[in-house]
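Hi everyone, thanks for coming. Let me put the sequence and the structure up on the screen, and then we can walk through it together.

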Amino acid sequence: MITRPGVRACFALLLYGSLLAGCRHGAVPIDIVWPPPPDPPRIRYLRAIRASSDVEGLRRRNLVIDILLGGEQKIYVIKKPYGVVKDPFGRVLVADTGWGKVLVFDIPNKKFGFIGDGPTGTLSKPCGIATDKDGTLYVSDLVLHRVYVYDKEGHFKYALGKEGRFGQPVGVAVDVERRRVYVVDMKKHQFAIFDTDGREIKTIGKRGRGKGEFNYPSNVAVAPNGDVYLVDSFNFRVQRFDSDGKFLNLWGGRPGNLPGMFARPKGVAVDRDGHVYVVDAAFHNVQVFTPEGRLLLSFGSIGTGLGHFYLPAGIDITPEGDIFVSSQLNRRVDVLRYLGGPKSSSTPPPSIGKH
């Protein structure tokens, strides 16, 4: 009869053997690109972020010893990611509605932490997330109906708007050059413009199907030239405005399953060349458009493997060409690369409390 320690030891030996085998016979990397050959690739799949161990590292020897001795390693896994952003210091920040916090994957420092679990600025159901060049973080909360602002170390600073200002804030975007913050209010069918000091400038929109009108809008992104793209979810379209909120154009407008149409549009982002990326949770993919709405490319499909999404939601694209897509039912953030971008920045990151 095998005792519990015996079972643990046997499992550890098997695990250790498999790990050694993995070292000797490492899987050959699969080059996943879009569009597929023979066309020149534009997007390349890099990897996935699933847990704190993806940035902190997990030494094989310690894993085996912990199993043998019955110890436990604290590994924090993504539960239900929505918004995602990479800050200027190389940290990937994930608004996780399952955790009720922002997860901080500090890749340069190989650390993991939380934001929104302190005595002030405590989050409940974070959704949208954005950051500026100084690392100031803006997080919308669906339950608390607020947009909370934190400094680069994760300390709470203030909340945008007075209490009751928002019905249900979702998308948040920052225009660094023009010092503006855009907040989408899904319940009130509008978006608001603030300055980066927290003062409200104007509100745009009402419920409807006309230009500059919305039906449960969700997410927002700012292009390098200052244009603002807003996902008008239940009108199944994307609307484009200038930095002051003047309507420019739109595309979409009726649900469908053909390329260029939308079924459940959510996240939106713009790359350094002005291409507009729209996540569709029903298609389980990302479609790429010109600013005028001409479809250029789509990537991803439903599944759990590499290069697949399962109920994707948020997206972020850095000026360097890094692409991050949150895949809710896959419980991960997929990392891709826009192949036209330059090398990533090496700006040193600030420190943050480790959990």
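**A walk through the strands and side chains**

Let's start with one ring: Phe 234 counts as partly exposed, because its relative accessibility is 49%. For that wording, buried means under 20% relative accessible area, exposed means over 50%, and partly exposed is in between, with a 1.4 Å probe and protein chains only.

Before going on, please keep in mind that this is a predicted model, where local features need pLDDT of at least 70, side-chain atom pairs count only at pLDDT 80 or more, and totals for chains, interfaces and linings use all residues. Residues are numbered from 1 along each chain as its sequence is written, and side-chain values use heavy atoms, with hydrogens and water left out.

Which ring does Phe 234 pair with? Its partner is Tyr 216: the ring centres are 5.6 Å apart and the planes are at 70°, so the pair is edge-to-face. Rings of Phe, Tyr and Trp (its six-membered ring) pair if their centres lie within 6.5 Å; planes under 30 degrees apart are stacked, over 60 edge-to-face, and the rest tilted. This pair links distant parts of the chain, with Tyr 216 in the loop between β14 (200-204) and β15 (220-222) and Phe 234 in the loop between β16 and β17, 18 residues apart. Those strand names come from DSSP: strands are runs of E of at least two residues, helices are runs of H or I of at least four, and both are numbered from the N terminus. Tyr 216 is partly exposed, because its relative accessibility is 30%.

A second edge-to-face pair is Tyr 277 with Phe 299, at 6.3 Å centre to centre and 70° between the planes. Tyr 277 sits in strand β20 (residues 276-280) and Phe 299 in strand β22, so this pair ties together parts 22 residues apart in sequence. Here both residues are buried. In total the structure holds 21 aromatic pairs, and one aromatic cluster is formed by Tyr 76, Trp 99, Phe 105, Phe 112 and Phe 114.

Now, on to strand β17. How many of the residues in β17 (237-241) are buried? Five of its five are, which makes the strand mostly covered. Arg 237, Gln 239 and Phe 241 point one way, while Val 238 and Arg 240 point the other way. That fits a general rule: in a regular strand the side chains alternate between the two faces of the sheet.

Strand β17 has antiparallel pairings with β16 (228-232) and with β18 (247-252), each over five bridges. Two strands count as paired if DSSP finds at least two bridges between them. On the β16 side, Val 231 has Val 238 as its bridge partner, and on the β18 side, Arg 237 is partnered by Gly 252. Both pairings are hairpins. The one with β16 has four residues between the strands, and Phe 236 takes a positive phi near 55° there. The one with β18 has five residues between the strands, and Gly 245 in the turn has a positive phi of about 95°.

That second turn also brings us to charges. Asp 244 forms a salt bridge with Arg 180, with the closest N and O atoms 2.7 Å apart. A salt bridge here is a side-chain nitrogen of Lys or Arg within 4 Å of a carboxyl oxygen of Asp or Glu. Arg 180 lies in strand β12 (residues 180-185) and Asp 244 in the loop between β17 and β18, so the salt bridge ties together parts 64 residues apart in sequence. Is each partner buried or partly exposed? Arg 180 is buried, at 18% relative accessibility, whereas Asp 244 is partly exposed, at 38%.

By this rule there are 15 salt bridges. One of them joins Lys 86 and Asp 322, at 2.8 Å from N to O. Lys 86 is in strand β3 (residues 81-86) and Asp 322 in strand β24 (residues 322-327), 236 residues apart. Asp 322 is buried, with a relative accessible area of 6%. Another joins Arg 91 and Asp 87, at 2.6 Å between the closest N and O atoms, and both of these residues are buried.

That's my tour, so let's hear your questions!
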